[in-house]
Amino acid sequence: MKEFSQKLNSKATATVSGENTAAAVKSGSLDVFATPMMLALMEEATCLACAPLLDEGETTVGTGVSISHDKASGLGTVITACATLEKSEGRKLTFSVYAEDDKGDRIGKGTIERFVVLADKFMKRVNGV
């Protein structure tokens, strides 16, 4: 893993549709952007933000999440998740994250931690090899 000297930022975007609502993913009963889908979008942004740091064969896995989902978003709303790599402690990466709708209103925020691993070695361990 390469060292970083400045904050790394990235964004990921999704449109609220029938597939990513609380009702569709069974995290609720309403046709609003699901909290698990907001988290997934935030995690996508963290992966994009740290990609320039990774060496060949490295990837990251999520190890900690603390988020709030503060505002509902209806069908057709465009959501953007933003991630900033705040610090690196060895292989542990800590990101601040937030999501906002296409009106610029913040719908969620928090912190996500990821850990850098060697993909092949990690999967061998997962598969008991």
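**View 1. Helix H2 and the elements that cover its buried residues.** The cover over the buried residues of helix H2 includes strands E1, E2 (58–69), E3, E4 and E5, where contact means heavy atoms within 4.5 Å. Helices (H or I, at least four residues) and strands (E, at least two) are DSSP runs, numbered from the N terminus. This is a predicted model, in which local features need pLDDT of at least 70 and side-chain atom pairs count only at pLDDT 80 or more, while totals for chains, interfaces and linings use all residues. Residues are numbered from 1 along each chain as its sequence is written, and side-chain values use heavy atoms, with hydrogens and water left out. The buried residues of H2 are Met38, Leu41, Met42, Ala45, Thr46, Ala49 and Cys50. They lie on the same side of H2 because they cover an arc of only 170 degrees around the axis; the arc is that of the directions from the helix axis to the C-beta atoms. Buried denotes under 20% relative accessible area, exposed over 50%, and partly exposed the range in between (1.4 Å probe, protein chains only).

**View 2. The length of helix H2.** At 1.5 Å a residue, the 16 residues of H2 (residues 35–50) should span 22 Å, which agrees with the 23 Å between its end C-alpha atoms. The expected span of a helix is 1.5 Å times one less than its number of residues.

**View 3. The five-stranded sheet.** An open sheet is formed by five strands in the order E1-E3-E4-E5-E2, with antiparallel pairing. E1 and E2 each have a single partner strand and stand at the edges, so one side of each is left without a neighbour in the sheet. From one strand to the next, the twist averages 25 degrees. H2 packs on the sheet, touching E1, E2, E3, E4 and E5, and its direction makes about 145 degrees with that of E1. Axes are lines fitted to C-alpha atoms, for helices over the stretch in contact, and angles run from 0 to 180 degrees between N-to-C directions.

**View 4. Edge strand E1 and its partner E3.** Side chains alternate along E1 (residues 8–15): Leu8, Ser10, Ala12 and Ala14 point to one face and are buried, whereas Asn9, Lys11, Thr13 and Thr15 point to the other and are not. E1 runs antiparallel to E3 (residues 78–89), and eight bridges join the two; strands pair if DSSP finds at least two bridges between them. Ala81 in E3 stands opposite Ala12.

**View 5. The E4–E5 hairpin and its turn.** Four residues separate E4 and E5 in a hairpin, and Gly104 in the turn has a positive phi of about 90 degrees. Nine bridges support the antiparallel pairing of E4 and E5, and Tyr98 stands opposite Lys109 in E5. Lys103 belongs to the loop between E4 (92–101) and E5 (106–118) and is exposed, with a relative accessible area of 69%.

**View 6. Helix H3 across E2 and E5.** H3 (residues 119–126) lies across E2 and E5 and runs at about 90 degrees to E5. H3 is hardly covered, with a count of zero buried residues among its eight residues. Gly128, which follows H3, has a positive phi, near 70 degrees. Beneath this heading also belongs the antiparallel pair of E2 and E5, joined by eleven bridges, in which His69 stands opposite Gly108 in E5.
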